[in-house]
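Work through the exercises below with the model open beside you. Try each task before reading its solution.

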Amino acid sequence: MDDRGNAARSLRLEMRGITKRFPGTVACENVDFDLRRGEIHALVGQNGAGKSTLIKILAGIHARDEGSIHVEGRPIEHLTPRSAHDLGMRFIHQELNLVPQFNVAENIVLGDLYPLRRASRFIHWRALNRKARRILDDLSISIDPRRPVQSLTVAEQWMVAIARALYSRGSILVMDEPTSSLAREDVHELFALAQSLAAKGTSIIYISHRLEEIFELAERVTVLKDGRKVITTDIASLSLPQLVAHLVGGRPQELYPTIEADRTLGSVVLEVDRLASADGRLSEISLSLRGREVLGVTGLLGAGHNELAELLFGVRGRVGSGRITVDGKAYAPRNARAAISRGMALVPPERRSQGIVGEMSLWENVILAHLRRFLVDPITRIVSRRRAKSTTREQMMSLQIVATGPDQEVADLSGGNQQKAVLAKWLLREPRILLLSEPTRGIDVSAKAEIYGLVRRLADAGSGVLFVSTEVEELAGVCDRVLVLRQGRMIAEIERSALTAHRIMEACYGG
């Protein structure tokens with residue numbers, strides 16, 4: 001749909017025929033994108049579709065090879081980060097660029113001139129706090145400007161980042177995966193703020209892999225695929241299956257695997273009885289996980305679901321009381337080594353900081369949890385690169401990891417392929433119990449579908465999978481049962497026959 005003729009609101013930003021080539025690849029080819037005044041325009045696509053390149057061109061980080069850019073109707077020949085800022089463009093990335101040791105007011109005014117006392121030329125702290133308070137009040141954000149940023153929740157930090165963008169007179173706001181680390185109750189608060197900004201005239205480019213959000217928030221959507229624009233259209237004219245079809249090409253993709261209703265589960269591989277953590281975050285947790293079962297665990301922010309997976313693996317806190325058995329034998333989660341020796345594996349929620357070593361190659365990451373298998377000699381501790389690379393190629397084929405080869409740095413892979421690399425590392429050990437914590441955070445719909453299918457295949461092969469997630473749709477689509485936590489306690493168990501996203505949400509909120 002071509003909406004250039006829509007005269008309801010004038011265009012604030014217009015990008016036409018944008019092309020960007022890198023050695024060996026065309027990242028963007030003849031891409032058109034525009035943004036109206038007071039509009040929330042979603043930009044979506046799989047990892048590698050060209051979203052990041054398009055935004056980096058807009059931010060002045062990459063120079064376009066072809067095409068034109070107009071801001072407020074004025075042609076912009078050369079964009080730099082400084083000129084993009086001067087034109088009113090503000091970029092809030094998934095990894096927020098806040099200074100945790102500074103307070104809220106200092107972060108909001110950071111990059112602008114701090115108010116100074118006339119006589120001493122020292123910072124006028126009261127005036128600084130008043131300025132910050134004014135912008136927070138304008139945005140209806142109830143955060144004390146004197147609070148250290150490191151004491152804020154992730155949702156509050158996003159609010160501060162938005163306040164900083166608006167304080168410095170931003171008229172175009174680019175929000176990159178703003179909800180990937182937010183609990184459900186915080187998402188609605190962020191949406192309300194975005195809609196309020198749009199109503200006041202701010203134009204927002206909203207990037208997200210959570211397609212349900214697009215329908216709730218955006219007015220229009222632009223889909224990119226393989227560096228080209230597929231469509232720009234009003235969101236009201238699309239259904240979710242149609243949007244998925246535009247993203248992946250062809251027919252709507254089946255996101256979730258088929259689960260047989262009469263499938264036979266194996267014996268109990270993990271049993272937890274009245275478990276409590278030493279720090280008091282978890283209390284009276286009891287559960288059992290069987291072979292061939294995918295057991296979901298969820299809850300609202302602070303419910304303890306992520307803490308449970310990490311406690312079981314021995315990487316968060318200590319057990320205060322209760323009993324854990326693995327394959328019928330007592331188990332004490334002292335550390336990761338003890339967990340691995342009992343056949344457990346953990347895919348952590350933050351793959352970049354906890355799951356991969358970005359500066360290392362793909363083959364080095366894949367063998368990290370199984371080094372002894374690849375030693376030429378146990379005394380010299382030299383690794384057989386030939387054997388390690390051969391194994392990595394097998395994993396690349398098995399998990400459909402898209403990379404130039406085993407030697408490519410993991411940091412250069414897309415988010416979905418990084419997550420597959422984390423999984424490949426553990427699958428070499430053929431884990432008896434696989435603990436997955438937010439396994440699809442920040443990855444595209446195709447990579448999600450592949451990981452869902454992989455999880456079910458692992459379960460069918462005999463593993464027990466503890467699937468920790470705050471995405472209720474994927475829990476309903478992948479799991480055999482779901483356990484719901486609230487304030488560190490188990491408050492509901494939902495069997496497969498009654499398992500729906502709506503039922504999970506009801507349990508989380510106390511229905």
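**Exercise 1. Contacts of R342**

Task: In this predicted model, find which residues R342 touches, leaving out those up to four places away in sequence.

Solution:
- Start with the place of R342: the loop between α10 (336–341) and β16 (344–347).
- List the contacts, which are V326, K329, A330 and Y331.
- Check the backbone as well: R342 and D327 are 15 residues apart in sequence, and their C-alpha atoms are 8.9 Å apart.
- Classify R342 by accessibility: its value is 24%, so R342 counts as partly exposed. The partly exposed class lies between the buried limit of 20% and the exposed limit of 50%.

**Exercise 2. A lysine in a helix**

Task: Decide whether K420 is buried or exposed, and name its contacts beyond four places in sequence.

Solution:
- Locate K420 in helix α14, residues 415–427.
- Read its relative accessibility, 5%. Buried means under 20%, so K420 counts as buried.
- Name the contacts: L399, Q400, I401 and E450.

**Exercise 3. The buried side of α8**

Task: Which residues of helix α8 (residues 240–248) are buried, and which elements do they pack against?

Solution:
- Pick out the buried residues: L243, V244, A245, L247 and V248.
- Recall the helix geometry: an α-helix has 3.6 residues a turn, so residues three or four places apart point the same way.
- Apply the spacing to the buried set, which includes L243 and L247 as well as V244 and V248.
- Identify the packing partners of the buried residues: β3 (40–45), α7 (211–217), β9 (220–225) and α15 (445–460).
- Look just past the helix end, where G249 takes a positive phi of about 90°.

**Exercise 4. Salt bridges**

Task: The structure holds 31 salt bridges. Describe the bridges of R220 with D34, R37 with E72, and E156 with R147.

Solution:
- Take R220 and D34 first. Their closest N and O atoms are 2.6 Å apart. This pair links distant parts of the chain: R220 is in strand β9 and D34 is in strand β2 (residues 25–36), 186 residues apart.
- Check burial on both sides of that bridge. R220 is at 0% relative accessibility, so R220 counts as buried. D34 is buried too, because its relative accessible area is 6%.
- Widen the view: R220 and D34 belong to a network of salt bridges with E14, R16, D32 and E39.
- Turn to R37 and E72, whose side chains meet at 2.5 Å, N to O. R37 sits in the loop between β2 and β3, E72 in the loop between β4 (66–71) and β5 (74–75), and the two are 35 residues apart.
- Classify this second pair. R37 is partly exposed, at 33%. E72 is partly exposed, at 38%.
- Finish with E156 and R147, where the closest N and O atoms are 3.7 Å apart. The cut-off for a salt bridge is 4 Å. E156 is partly exposed at 22%, and R147 is partly exposed at 29%.

**Exercise 5. A positive patch and its loop**

Task: Which residues form a positive surface patch, and where does R117 lie?

Solution:
- Name the patch members: R117, R126, R130 and R134.
- Place R117 in the loop between α3 (104–109) and α4 (125–138).
- Test R117 against the patch rule. Patch residues need over 30% relative accessible area and no salt bridge. R117 has 38% relative accessibility and counts as partly exposed.
- Compare G111, which lies in the loop between α3 and α4. G111 is exposed, because its relative accessible area is 82%.
- Add the spatial neighbour: G111 and S168 are 57 residues apart in sequence and 8.5 Å apart in space, C-alpha to C-alpha.

**Exercise 6. Positive phi outside glycine**

Task: Where are D226 and E430 found, and what is the phi of D226 and of E430?

Solution:
- Begin with the background: most residues other than glycine have a negative phi.
- Take D226, in the loop between β9 and β10 (228–234). Its phi is positive, about 55°. D226 counts as exposed, at 58% relative accessibility.
- Take E430, in the loop between α14 and β19 (433–437). Its phi is positive and near 50°. E430 is exposed, with a relative accessible area of 70%.

Methods:
Residues numbered from 1 in each chain as written. Predicted model: local features only at pLDDT ≥ 70, side-chain atom pairs only at ≥ 80, totals over all residues. Heavy atoms only, no water. Helix = DSSP H or I, 4+ residues; strand = E, 2+ residues; numbered from the N terminus. Buried < 20%, exposed > 50% of the residue type's maximum accessible area, 1.4 Å probe, protein only. Contact = heavy atoms within 4.5 Å. Patch = residues over 30% accessible without salt bridge, like charges linked within 9 Å, V, L, I, M, F, W, Y side chains within 5 Å. Areas by Shrake-Rupley, 256 points an atom, 1.4 Å probe, with all protein chains shown as cover. Lys, Arg positive; Asp, Glu negative; His and termini not counted. Charge placed at Lys NZ, Arg CZ, Asp CG, Glu CD.
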